[in-house]
Amino acid sequence: MSDCIFCKIVAGDIPSQKIYEDDLVFAFKDINPAAPTHLLIIPKKHISSLNELADGDKELAGHILVIARKIAQDQGFAKSGYRVVNNCGKNGGQTVDHLHFHLLAERELGWPPG
Ligand code: AMP
Ligand code: ZN
């Protein structure tokens, strides 16, 4: 999608602080962190939201979670704990229409979220 900021980040047209990249996914630091570690893990291909995740995207969806776990281990906060969260649609608080999973860590997170 030509007007999607996260597609532009994947393409390198908008700068980001990349944490991880492979054929399927891209992970980078959130520009407005809500925790000492706040990363976004996104599919490289444009998927607008969880609502548009197709049956054929099961491998991609599972891969995103495996990468979240790997990043948590690599960055050393797997044991202390972390949160992986997706905001979907207006009531979910989604503001960028390219599927993304927040990875938040290194502070005690409250529940339920606001
Ligand atoms: P959401 O509200 O779940 O759609 O989350 C969108 C997230 O994207 C927010 O946490 C923003 O801070 C973050 N964000 C928006 N633009 C950028 C950008 N250019 N680089 C990094 N993070 C961004
Ligand atoms: Zn996109």
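This passage describes the sheet, the zinc site, the aromatic pairs and three selected residues of a predicted model.

The sheet comes first. It is open and has 5 strands. Their order is 1-2-3-5-4, and the pairing is antiparallel. Strand 1 (18-21) and strand 4 (82-85) form the edges. Each of these two strands pairs on one side only. On average, neighbouring strands of the sheet are turned by 15° against each other, with direction ignored.

Helix 2 (residues 58-75) packs on this sheet. The helix touches strand 1, strand 2, strand 3 (37-43), strand 4 and strand 5 (101-105). The direction of helix 2 makes about 150° with that of strand 3.

Strand 2 can be followed from one partner to the other. On one side, strand 1 and strand 2 (residues 25-29) pair in the antiparallel sense over 3 bridges. The two strands form a hairpin, with 3 residues between them. Two residue pairs illustrate the register. Glu21 has Phe26 of strand 2 as its bridge partner. Tyr20 has Ala27 of strand 2 as its bridge partner. Strand 2 also pairs with strand 3, again in the antiparallel sense. Here 5 bridges join the strands. Ala27 stands opposite Ile41 of strand 3. Ala27 therefore has a partner in strand 1, namely Tyr20, and another in strand 3, namely Ile41, as strands that pair are joined by bridges. Strand 2 is mostly covered, with 4 of its 5 residues buried. In a regular strand, side chains alternate between the two faces of the sheet.

Aromatic rings are the next feature. The model has 3 aromatic pairs. Phe26 and Phe28 form one of them. Their ring centres lie 5.9 Å apart, with 50° between the planes, and the pair is tilted. Both residues are buried. Ring pairs also link Phe6, Phe26 and Phe28 into a cluster. Phe77 and Tyr82 form another pair. Their centres are 5.8 Å apart. Their planes stand at 65°, so this pair is edge-to-face. The cut-off for that class is over 60 degrees. The two partners differ in exposure. Phe77 counts as buried because its relative accessibility is 0%. Tyr82 has 33% relative accessibility, so Tyr82 counts as partly exposed.

The zinc ion (ligand 2) is held by four residues. Cys4 and Cys7 each donate through SG. His46 and His98 each donate through ND1. The distances run from 2.0 to 2.3 Å. The angles among the 4 donor atoms are 105 to 117°. The site is therefore tetrahedral, since four donors earn that label if all angles lie between 85 and 135 degrees. Along the chain, the donors follow the spacing C-x2-C-x38-H-x51-H. Both cysteines, Cys4 and Cys7, are buried.

Three further residues show how parts of the chain meet. Leu104 lies in strand 5. Leu104 is buried, because its relative accessible area is 10% and the limit for burial is under 20%. The C-alpha atoms of Leu104 and Val84 are separated by 6.6 Å. Along the chain, these two residues are 20 residues apart. With neighbours within four places in sequence set aside, Leu104 is in contact with several residues, among them Ala34, Ala35, Tyr82, Val85 and Leu109. Tyr82 thus appears twice, as a ring partner of Phe77 and as a contact of Leu104.

Leu53 lies in the loop between strand 3 and helix 2. Its relative accessible area is 27%, so Leu53 is partly exposed. Leu53 and Leu99 are 46 residues apart along the chain. Their C-alpha atoms are separated by 8.5 Å. Not counting residues up to four places away in sequence, Leu53 touches Ile47, Ala61 and Leu99.

Asp57 is found in the loop between strand 3 and helix 2 as well. Asp57 counts as buried because its relative accessibility is 7%. Not counting residues up to four places away in sequence, Asp57 touches Lys45, Ile47 and Glu52. Ile47 is thus a contact of Leu53 and also of Asp57.

Conventions
Residues numbered from 1 in each chain as written. Chains lettered and ligands numbered in written order. Predicted model: local features only at pLDDT ≥ 70, side-chain atom pairs only at ≥ 80, totals over all residues. Heavy atoms only, no water. Donors = N, O, S within 2.8 Å, 3.2 Å for Na, K, Ca; no water. Tetrahedral: all angles 85-135°; square planar, octahedral: opposite > 155°, others 65-115°. Buried < 20%, exposed > 50% of the residue type's maximum accessible area, 1.4 Å probe, protein only. Phe/Tyr/Trp six-rings, centres within 6.5 Å; stacked < 30°, edge-to-face > 60°. Axes fitted to C-alpha atoms, helices over the stretch in contact; angles between N-to-C directions. Contact = heavy atoms within 4.5 Å.
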